[in-house]
Each structure stands twice: as C-alpha cells, then as structure tokens.
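Here are a few friendly notes to read alongside the model. They are numbered so that you can take them in any order.

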Amino acid sequence: MSWLTVETPLPSGPMHIAVTPLGVVAGGYLGDEAGELPRCTDEAKIAAVNGRIGTYLAGRSRELGLPIDWSLSTGPHRAVLQTLLREVPYGRTITYGELAARSGVFEDVAEPGLAARTVGQMMAANPVPLLVPCHRVVAADGIGGFGGGRVGIDVKRWLLTLEGVLEPTLDWNGPL
DNA sequence: TATCGCATCTAGT
DNA sequence: ACTAGATGCGATA
C-alpha cells in the first residue's frame, strides 16, 4: 500500500490516506504521521482521492464514491462497518446501541449496553475513517466520543455540522 | 499468546 | 443529577 496526504478544512488539518489497487485501505486524521510512510506516486490516484474528499468536505457532494479495500477488517468488525455504511445515509445519525442491533452481530448478547460498547471499540479501530461514516454514530444522549484526543471530537462535530445534523458553532469554518 | 485500554448503556442512589 | 458495573474487540509485546 502507498500513502498520500490530503489537504482538508478539518480542525485537525490534513489527512493521510493509504491506497491499494483495490481502493482505499486505511486513513488517519493526523497528516504528520505520514512522514516516514511510503508515498503514493500515482498522480491519477492522488488526483482522484484529493478531488473526491475535497468536494465532499466542501459540501458539494454527498457521496465520496471511492472504492474501499476491506482487507484490514475482518469478521464482526467488518460486518458492523458495512452495516453502518449501508444503513446510515448522509445527514442521518445512529446510536451505538442501534447500530449494534442493526448489524445482527450481537444477537446473543443479553444487555444492550454491552453490545453498544463493543461497537464503540470497533469505531475506534475503524481503519477507514470518513469513508466509513463512523462520525455518524453517536451516544444515546449526546454526541458521544471520538478518537484522536481533544481534536478528534472537534472533527466529529465538524463533520456532523457539514451534514446538517448539528447547528453551526463558533469554531465552524466550513463551507456554509 | 497474554494483557491492556477503551468513541457505551442501564440501573440504583 | 451522579456513580458504578458489565463485555468483546484490536493493538502491543
């Protein structure tokens, strides 16, 4: 796999994205982590990824339209991610508990809270952020958490504001 | 292969 | 309103 950096208007700054011949295989919100990773030199792929993500984050597109390489996630993990991708469209959110129920992976788990927590772990370990809309998964009583420390929750709020789920806040610097 | 750290929910004060 | 308790993953050594 090879890595490329994408400039974004996100509060976390640029993202880095890993691509394979199959599609996007991994990504991260912290662009400076890409320093020592093998860089992608395929200009067509760089242009495609930059264009799709840039258009999406500018609010001019509701679909990323990038192929996903699922090879880094397996079993229940992959099932939950694909359920999320299929069942939660742009501008909608789902709670951790409901996503657990929809995915059908936790049918034999007695307590809903336990399944919901497991889903949270899976979102944290999501190798393909943004493409799999893990930011649309929220807690039952609020926005919930997000990886990446302090900046992470800002990214989540930013993306939800972009999609019209949240009202713009003072630190909103997006395309509205 | 063993251990650790969590992006939650519910119930009981 | 606030506190504590329950579970299964992925990542690391």
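Helices and strands are DSSP runs, at least four residues for a helix (H or I) and at least two for a strand (E), numbered from the N terminus. Please keep in mind that this is a predicted model.

1. **The sheet.** A good place to begin is the open sheet, which has three strands in the order β1-β2-β3, paired antiparallel. Its edges are β1, residues 2–6, and β3, residues 23–28, each of which pairs on one side only. From one strand to the next, the twist averages 30 degrees. Helix α1, residues 43–57, packs on this sheet and touches β1 and β2. The direction of α1 makes about 40 degrees with that of β1.

2. **How the strands are joined.** In general, strands of a sheet pair through backbone hydrogen bonds, either parallel or antiparallel. Here β1 and β2 are linked by five bridges in the antiparallel sense, and Leu4 stands opposite Ile17 of β2. Strand β2, residues 15–20, is also joined to β3 by five bridges, again antiparallel. On that side, Val19 has Val24 of β3 as its bridge partner. You may also like to check the covering of β1: four of its five residues are buried, so the strand counts as mostly covered.

3. **Leu131, a loop residue.** Is Leu131 buried or exposed? Its place is in the loop between α4 (112–124) and β5 (137–138). Leu131 counts as buried because its relative accessibility is 7%, and the cut-off for buried is under 20%. Beyond its neighbours up to four places away in sequence, Leu131 touches Val24, Leu64, Leu66, Pro67, Ile68 and Leu85. One of these contacts, Val24, is the β3 residue that partners Val19. Leu131 and Ala26 are 105 residues apart in sequence, yet their C-alpha atoms are 9.5 Å apart in space.

4. **Ser73 and Gly75.** These two make a nice pair to view together. Ser73 is in the loop between α1 and α2 (75–87), while Gly75 lies in helix α2. With 1% relative accessibility, Ser73 counts as buried. Its contacts, leaving aside neighbours within four places in sequence, are Arg78, Leu81 and Pro127. Gly75 has a relative accessible area of 47% and is therefore partly exposed. The C-alpha atoms of Gly75 and Val105 are 9.5 Å apart, with their positions 30 residues apart in sequence.

5. **The surface near DNA strand B.** Which residues come closest to DNA strand B? Of the 15 residues that surround the strand, the closest are Tyr96, Gln121, Ala140, Phe146 and Gly147. The elements that contribute two or more residues to this surface are α3 (96–103) and α4. The largest share, seven residues, comes from α4. By class, the surface has eight nonpolar, six polar and one charged residues.

6. **Polar pairs with strand B.** Three pairs are worth a look, and they involve three parts of the DNA. In Gln121, a polar side-chain atom lies 2.3 Å from a base oxygen of DNA strand B. Ala140 places a polar backbone atom 2.9 Å from a phosphate oxygen of DNA strand B. For Phe146, a backbone N or O atom is 3.0 Å from a sugar or linking oxygen of DNA strand B. Counting the atoms of DNA strand B within 4 Å of the protein, 51% belong to sugar or phosphate and the rest to bases.

7. **The surface near DNA strand C.** Around DNA strand C are His77, Leu114, Arg117, Thr118, Gln121 and Ala125. Helix α4 gives the most here, with four residues. The classes are two nonpolar, three polar and one charged. Of the atoms of DNA strand C within 4 Å of the protein, 48% are from sugar or phosphate and the rest from bases.

8. **Polar pairs with strand C.** Where does the side chain of His77 meet DNA strand C? A polar atom of that side chain lies 3.5 Å from a phosphate oxygen. In Thr118, a polar side-chain atom is 3.3 Å from a sugar or linking oxygen of DNA strand C. The side chain of Gln121 has an N or O atom 3.4 Å from a base nitrogen of DNA strand C. Gln121 is also among the closest residues to DNA strand B, which makes Gln121 a handy residue to centre on when you view the two DNA strands.

Notes. Residues numbered from 1 in each chain as written. Chains lettered and ligands numbered in written order. Predicted model: local features only at pLDDT ≥ 70, side-chain atom pairs only at ≥ 80, totals over all residues. Heavy atoms only, no water. Pairing = 2+ DSSP bridges. Axes fitted to C-alpha atoms, helices over the stretch in contact; angles between N-to-C directions. Contact = heavy atoms within 4.5 Å. Buried < 20%, exposed > 50% of the residue type's maximum accessible area, 1.4 Å probe, protein only. Near = heavy atom within 4 Å. Polar contact = N/O pair within 3.5 Å; in protein donor to acceptor, adjacent residues only side chain to side chain. Nonpolar A, V, L, I, M, F, W, Y, C, P; charged D, E, K, R; others polar.
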